[in-house]
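Got the viewer open? Let's take a short walk through this one, a stop at a time.

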Amino acid sequence: MIVVIVVSIFSAQGVAAQNELALNDNFEFRDYEYEQQEYTEINIVELPMSIQDAAAKQFEKYRIVKAYLSKDNTYKVILRDKENNIKTVFASANGEWIKPNDNKS
């Protein structure tokens with residue numbers, strides 16, 4: 001009888017933990033190699049002009065709201081449009097867009 005009570009208590013805690021995780025799924029899972037890197041936030045004015053110009057041309061309905069730099073000099077740029085849609089793009093140090101399938105090796 002005690003074993004049944006103990007098992008039911010642990011089961012209830014597991015269900016509660018899963019429900020808590022389900023409520024907090026405000027994250028997006030991405031399989032990008034670049035998303036896995038550690039990025040440091042930088043000021044938008046620190047982005048190379050080539051990236052700023054490319055973003056203005058290719059994503060003209062979006063504006064840059066945040067920018068990040070990794071140790072290997074790749075940039076992560078967060079864009080937002082008027083409807084608050086967010087787009088995350090990655091760029092190399094020379095201002096070329098990095099696609100999710102690009103391999104650096």
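Which residue in E3 does Tyr 68 stand opposite? Select Tyr 68 and look across: the residue facing it in E3 is Lys 76. Keep in mind as you go that this is a predicted model.

Now widen the selection to both strands. E2 (62-70) and E3 (75-81) run antiparallel, with seven bridges joining them. Follow the chain round the hairpin between E2 and E3: four residues separate the strands, and Asn 73 in the turn has a positive phi of about 65°.

Next, go to the other side of the pairing and pick Tyr 75, whose bridge partner in E4 is Ala 91. E3 and E4 are antiparallel too, joined by six bridges. Their hairpin also has four residues between the strands, and here Asn 84 takes a positive phi near 65°.

Stay on E3 and turn on the surface. Six of its seven residues are buried, so the strand is largely enclosed by the rest of the structure.

Time for the inside. The largest nonpolar core has 14 residues, and those touching the most other members are Leu 47, Ile 51, Tyr 75, Val 77, Leu 79 and Trp 97. Helix H2 (49-58) and strands E2, E3 and E4 (86-91) each give two or more residues to this core. A second, separate core holds five residues, including Tyr 39, Tyr 68, Ile 78 and Ile 98. That brings back Tyr 68, where the tour began.

Last stop: show what surrounds Leu 79. Beyond its neighbours within four places in sequence, Leu 79 has contacts that include Ala 55, Phe 59, Ile 64, Ile 86 and Val 89.

How values were computed
Residues are numbered from 1 along each chain as its sequence is written. This is a predicted model: local features need pLDDT of at least 70, side-chain atom pairs count only at pLDDT 80 or more; totals for chains, interfaces and linings use all residues. Side-chain values use heavy atoms; hydrogens and water are left out. A nonpolar core is a set of buried Ala, Val, Leu, Ile, Met, Phe, Trp, Tyr and Cys residues joined through side-chain atoms within 4.5 Å. Buried means under 20% relative accessible area, exposed over 50%, partly exposed in between (1.4 Å probe, protein chains only). Contact means heavy atoms within 4.5 Å. Two strands pair if DSSP finds at least two bridges between them.
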